[in-house]
Amino acid sequence: QVNVVESGGGSVRPGGSLRLSCVASVTYYKINSMSWYRQTQGKGREIVASMTNEGSATYAKFAKGRFWISGKVVEKTVDLQMNNLEPEDTAMYYCNTDGRGWNGGRPYDYVVWGQGIQVTVSS
């Protein structure tokens with residue numbers, strides 16, 4: 001059983017910053033990584049940044065140098081610091097967990113998504 005909740009977000013002017021937070025609550029589930037994705041009405045969901053339970057982080061090309069993922073997957077929480085935001089960053093941002101559950105029999109891998117949080121960058 002997994003529950004993922006995002007917080008933060010809002011509206012900022014170009015060049016501004018926002019910090020998003022993600023907290024997961026789990027039972028019979030080991031998280032291997034936690035990630036931030038984003039989605040607009042006209043585009044598919046795309047990855048922004050990801051962190052493994054070993055602490056290694058990866059970023060989408062558009063996020064490199066501007067966004068920073070932090071926290072501890074082992075503690076089931078990660079933040080996304082977003083700096084120098086641009087209008088193109090406007091999207092719904094989602095946090096997810098990728099892990100393995102074992103309750104009820106053979107372990108299996110599955111991903112759980114949060115509800116998402118809106119980020120709007122405009123003048």
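**Loops, strands and overall form of an all-strand chain**

Gly55 lies in the loop that links β5 and β6. The model that places Gly55 there is a predicted one. Gly55 counts as partly exposed, because its relative accessibility is 45%, which falls between the 20% and 50% cut-offs. Gly55 and Ser11 are 44 residues apart along the chain. In space, 30 Å separate their C-alpha atoms.

Glu54 sits in this loop too, between β5 (46-52) and β6 (57-59). Glu54 has a relative accessible area of 73% and is therefore exposed, the cut-off being over 50%. From Glu54 to Ala91 the sequence separation is 37 residues. The C-alpha atoms of Glu54 and Ala91 lie 28 Å apart.

The chain as a whole is built from strands. It holds eleven strands and zero helices. Read from the N terminus, the order of elements is β-β-β-β-β-β-β-β-β-β-β. The radius of gyration is 15 Å. A compact globule of 123 residues would have a value near 14 Å, so the chain agrees with that expectation. Along the principal axes, the C-alpha atoms occupy a box of roughly 55 × 25 × 20 Å.

Burial and contacts were computed next. Of the 123 residues, 38% count as buried. Contacts between residues at least 6 apart in sequence were also examined. Of these, 56% join residues at least 24 apart. The accessible surface of the chain is about 6,800 Å². Carbon and sulfur atoms contribute 48% of that surface. The chain carries 13 positive and 10 negative charges. The mean positions of the two sets are 2 Å apart.

Strand β1 spans residues 2-7 and has two faces. Val2, Val4 and Glu6 make up the covered face. Asn3, Val5 and Ser7 make up the uncovered face. In a regular strand, side chains alternate between the two faces of the sheet. β1 pairs with strand β3, residues 18-26. The pairing is antiparallel and runs over six bridges. Val5, on the uncovered face of β1, has Val23 of β3 as its bridge partner.

After β3 comes a loop that leads to β4 (29-39), and Tyr28 is placed in this loop. The phi angle of Tyr28 is near 50 degrees. This is a positive value in a residue other than glycine. Tyr28 has a relative accessible area of 47%, so it is partly exposed.

Asn84 offers a second case of positive phi. Its phi is about 50 degrees, although Asn84 is not a glycine. The residue belongs to the loop between β8 (77-82) and β9 (91-101). Asn84 is partly exposed because its relative accessibility is 44%.

Strand β9 then pairs with strand β10, residues 108-113. Here too the sense is antiparallel, with six bridges. Gly101 in β9 faces Tyr108 in β10 across the pairing. The two strands form a hairpin, with six residues between them. In the turn, Gly104 has a positive phi of about 95 degrees.

Methods:
Residues numbered from 1 in each chain as written. Predicted model: local features only at pLDDT ≥ 70, side-chain atom pairs only at ≥ 80, totals over all residues. Heavy atoms only, no water. Helix = DSSP H or I, 4+ residues; strand = E, 2+ residues; numbered from the N terminus. Rg over C-alpha atoms; globule rule 2.2 N^0.38 Å. Buried < 20%, exposed > 50% of the residue type's maximum accessible area, 1.4 Å probe, protein only. Contact = heavy atoms within 4.5 Å. Areas by Shrake-Rupley, 256 points an atom, 1.4 Å probe, with all protein chains shown as cover. Lys, Arg positive; Asp, Glu negative; His and termini not counted. Charge placed at Lys NZ, Arg CZ, Asp CG, Glu CD. Pairing = 2+ DSSP bridges.
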